[in-house]
Amino acid sequence: MSRLFGRTASLVVDTLDISLLDYTFRVKKSLKPEPNTMDLEVYNLNDDHRSQLEQSKAVVSRLEVGYGGNNSQIFLGEIRSCKTEIRGADRVTKLSSGDKEKAIAKNRCKATYSAQVSVDTALSNIAKVLGVQEGNLKQAVGRLQSRGIENLFPRGIALYGKTWQVVQTIARSANLEISIQDGALLILEFGAAIQGGSAISLSSDPNNGLIGEPSEDADGTVTAECLIIPEIRPGVRVELDSNTVSGDFRVWGCEYLGATRGKDWNIKLTLKKIKAS
């Protein structure tokens, strides 16, 4: 478990690098259509920095975690609330963030597509209207084309309404799951894991990061807990080998819990069996 020693983190909010302060974080991410979120508690910001965060608009927060200074991003989103409270000798600034939450709630589209419009063009245009990065869109389009799907609307279509609702309607019709991860689209075939790269191994070996034993419910959903491994994120494939549950799964949801001056440094996982394409 040497690779999981010497935990480090980097936190930038707006233009402020506050990595050297004490803070706690709770990041919730999943493959659901709802936006991912992060809740922060930052201890003892100075008056100028606290005022900057409380008054700024469209403030972006970025959290990276890792070990030995080798950090990876686990959240990128916009601050939706910021307030400070006195807690004993500390002033604690509480910040709440959402990943493209405003775009999901407010962006609307009005577009007409002919039967000849390619799946690539249709999805790229919708991503632009939504105001998100394309993410793995090109790879997903390639896999659709390999299934013989060249366009999503063989009879043409007129799309009106909230863009994100339109995206989810398209996803269901094409047997896809579409979510937003760190400001970018993640497009997966229904029940599939992210393609490419090695699966993350979690086992009952005490040097492998797994905390306790996983449990599996009646529908095959597995809950587990492990030390923070930054590569673990929604859609990633996990090979689980424990005394209670074993198999090939994908990460459906994960909740990262961390504290720079506390013991918390773990992920609560929700895993689901990978379905054949």
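Helices are DSSP runs of H or I with at least four residues, numbered from the N terminus. One of them in this predicted model is helix α5, which spans residues 163-173. The helix is followed by Asn175, whose phi is positive, near 60 degrees. Within α5, the buried residues are Thr163, Trp164, Val166, Val167, Gln168, Ile170 and Ala171. Their cover includes two other helices, α2 (101-106) and α3 (119-130). Strands also contribute to this cover, including β8 (108-113), β9 (157-162), β10 (176-181) and β11 (184-189).

Strand β4 was examined next. This strand covers residues 37-43, and 6 of its 7 residues are buried. Strand β3 (residues 23-30) pairs with β4 in the antiparallel sense, over 6 bridges. The connection from β3 to β4 is a hairpin of 6 residues. In this pairing, Thr24 stands opposite Glu41 of β4. Strand β4 also runs antiparallel to β7, with 7 bridges joining the two. Here Asp39 is found opposite Ser96 in β7. In a regular strand, the side chains alternate between the two faces of the sheet.

Strand β7 comprises residues 90-98 and contains Thr93. Is Thr93 buried or exposed? Its relative accessible area is 1%, and the limit for a buried residue is under 20%, so Thr93 is buried. The side chain of Thr93 makes a polar contact of 3.0 Å with the side chain of Thr84. With neighbours within four places in sequence left aside, the residues in contact with Thr93 are Leu40, Glu41, Val42, Leu45, Arg50, Cys82, Lys83 and Thr84.

The ring systems give a count of 1 aromatic pair. The pair consists of Phe25 and Trp265 in an edge-to-face arrangement, with 5.8 Å from centre to centre and 75 degrees between the planes. Phe25 belongs to strand β3 and Trp265 to strand β17 (residues 265-273), so the pair ties together parts of the chain that are 240 residues apart in sequence. Phe25 counts as buried, at 3% relative accessibility. Trp265 counts as buried as well, at 7%.

Charged side chains also lie over rings. Arg261 is placed over the face of Tyr43, at 4.0 Å from the ring centre. The charged end of Lys273 sits over the ring of Phe249, 4.8 Å from the centre of that ring.

Side chains of opposite charge can pair when their charged atoms come close. The count of salt bridges in the model comes to 16. One of them joins Asp22 to Arg261, with the closest N and O atoms 3.9 Å apart. Asp22 lies in the loop between β2 (16-17) and β3, and Arg261 lies in the loop between β16 (246-259) and β17, so this pair ties together parts that are 239 residues apart in sequence. Asp22 is partly exposed, with a relative accessible area of 27%. Arg261 is partly exposed too, with a value of 46%.

Another salt bridge is formed by Arg250 and Glu177, whose closest N and O atoms are 2.9 Å apart. This pair links distant parts of the chain, with Arg250 in strand β16 and Glu177 in strand β10, 73 residues apart. Are the partners buried or exposed? Arg250 is buried, with a relative accessible area of 4%. Glu177 counts as buried at 12% relative accessibility.

Salt bridges that share partners join Glu41, Glu85, Arg87 and Lys94 into one network. Within this network, the closest N and O atoms of Lys94 and Glu85 are 3.9 Å apart. Lys94 counts as partly exposed, at 28% relative accessibility. Glu85 is likewise partly exposed, with a relative accessible area of 28%. Glu41 has also appeared above, opposite Thr24 and in contact with Thr93.

A further position was examined in a loop. Gly209 lies between β12 (200-203) and β13 (215-216). At 2% relative accessibility, Gly209 counts as buried. Its C-alpha atom is separated by 5.4 Å from that of Cys226, which is 17 residues away along the chain.

Terms used. Residues are numbered from 1 along each chain as its sequence is written. This is a predicted model: local features need pLDDT of at least 70, side-chain atom pairs count only at pLDDT 80 or more; totals for chains, interfaces and linings use all residues. Side-chain values use heavy atoms; hydrogens and water are left out. Buried means under 20% relative accessible area, exposed over 50%, partly exposed in between (1.4 Å probe, protein chains only). A polar contact is a pair of N or O atoms within 3.5 Å; within protein, one must be able to donate a hydrogen and the other to accept it, and residues adjacent in sequence count only if both atoms are side-chain atoms. Contact means heavy atoms within 4.5 Å. Two strands pair if DSSP finds at least two bridges between them. Rings of Phe, Tyr and Trp (its six-membered ring) pair if their centres lie within 6.5 Å; planes under 30 degrees apart count as stacked, over 60 as edge-to-face and the rest as tilted. A charge sits over a ring if NZ of Lys or CZ of Arg is within 6 Å of the ring centre and within 35 degrees of the ring normal. A salt bridge is a side-chain nitrogen of Lys or Arg within 4 Å of a carboxyl oxygen of Asp or Glu.
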